[in-house]
Amino acid sequence: MKELTIGQAQRMTAPAPFALLASADKDGKTNLMAVSWWTYLSNRPPKLGACLSNKGYSGGNIREGGEFALCIVDEELSEAALKCGGCSGRDTDKAQQFGIELTDAKVVTPKVVKASKVIFECKLAEAVDIGDHTFYVADIVSVYGDEDKKQLYAYDGYGRLATAIEG
């Protein structure tokens, strides 16, 4: 076995479940970011966690607004969703720029991605600083979905998205 960088290890452990995380800025404008560092934390009460870079725009939105939505997007958005990881929401309206249709959430302020397999609406419970990232622990306040949609997975460190787990 040889020594690996963390980036090499992340590519080797692909796929990771891919999502677009929706947060709202102080004016209520929805921002989307690509994320695969998320996980279930508890069934009772229902909780999940998402790990975001401290450099990104979404983390500040979550800390300020105390809520977000995790949208497990459908394959029809694979190209547009991948582009969401290549620019900052500080100066780009990603939904408008990449043609991603948003709809009102049931509980939280940020809008959610209409073409989603599953949507988790979340309220922030705790933010844990971890090096160059922050781990956001959230209470799931609403969850709904469409079983006919196909979930995306991130490969090659967000180099590409696909619906099936490849061998």
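Leaving aside neighbours within four places in sequence, which residues is Val113 in contact with? In this predicted model, the partners of Val113 are Leu20, Leu32, Cys71, Val73, Leu77, Ile100, Glu101, Leu102 and Ile119. Val113 is also among the residues with the most contacts inside the largest nonpolar core. Here is a friendly tour of that core, a second one, the aromatic pairs, a helix and a small sheet.

**Nonpolar cores**

- The largest nonpolar core has 23 residues.
- Alongside Val113, the residues with the most contacts inside this core are Phe18, Leu20, Leu32, Cys71, Val73 and Ile100.
- Two or more residues of this core come from each of β2 (19-24), β3 (30-35), β6 (67-73), α3 (78-83) and β8 (112-113).
- The element that gives the most to this core is β6, with 3 residues.
- A second core, separate from that one, has 17 residues, including Met33, Leu52, Phe120 and Tyr136.

**Aromatic pairs**

- There are 3 aromatic pairs in the structure.
- Trp38 and Tyr40 form an edge-to-face pair, because their ring planes stand at 70° and the centres are 5.3 Å apart.
- Tyr40 also pairs edge-to-face with Phe120, with the ring centres 5.9 Å apart and the planes at 75°.
- This second contact links distant parts of the chain: Tyr40 belongs to strand β4 (residues 38-42) and Phe120 to strand β9 (residues 116-130), 80 residues apart.
- Through these ring pairs, Trp38, Tyr40 and Phe120 are linked into a cluster.
- Within the cluster, Trp38 has a relative accessibility of 11% and so counts as buried, and Phe120, at 4%, counts as buried too.
- Tyr40, on the other hand, has 54% relative accessibility and therefore counts as exposed.

**Charges over rings**

- Lys106 places its charged end over the ring of Tyr144, 4.3 Å from the ring's centre.
- Arg160 lies over the face of Tyr155, and here the distance to the ring centre is 4.6 Å.

**Helix α2**

- In helix α2 (residues 57-65), the buried residues are Ser58, Gly59, Asn61 and Ile62.
- These four residues are on the same side of α2, because they cover an arc of only 160° around the axis.
- What do the buried residues of α2 pack against? Their packing partners are β2, β3, β5 (47-53), β6, β9 and β10 (133-145).
- Gly66 follows α2 and has a positive phi, near 70°.

**The three-stranded sheet**

- An open sheet of 3 strands runs in the order β1-β11-β12, and its pairing is antiparallel.
- Why do β1 (16-17) and β12 (160-162) each have one side without a neighbour in the sheet? Both stand at the edges with a single partner strand, so one side of each is left unpaired in the sheet.
- The antiparallel pairing of β1 with strand β11 (residues 153-155) runs over 2 bridges.
- In β11, Tyr153 is the bridge partner of Pro17.
- As background, strands of a sheet pair through backbone hydrogen bonds, in either a parallel or an antiparallel sense.

Note on methods: Residues numbered from 1 in each chain as written. Predicted model: local features only at pLDDT ≥ 70, side-chain atom pairs only at ≥ 80, totals over all residues. Heavy atoms only, no water. Phe/Tyr/Trp six-rings, centres within 6.5 Å; stacked < 30°, edge-to-face > 60°. Buried < 20%, exposed > 50% of the residue type's maximum accessible area, 1.4 Å probe, protein only. Lys NZ or Arg CZ within 6 Å of the ring centre and 35° of its normal. Core = buried A, V, L, I, M, F, W, Y, C linked by side-chain atoms within 4.5 Å. Contact = heavy atoms within 4.5 Å. Arc of directions from axis to C-beta. Pairing = 2+ DSSP bridges.
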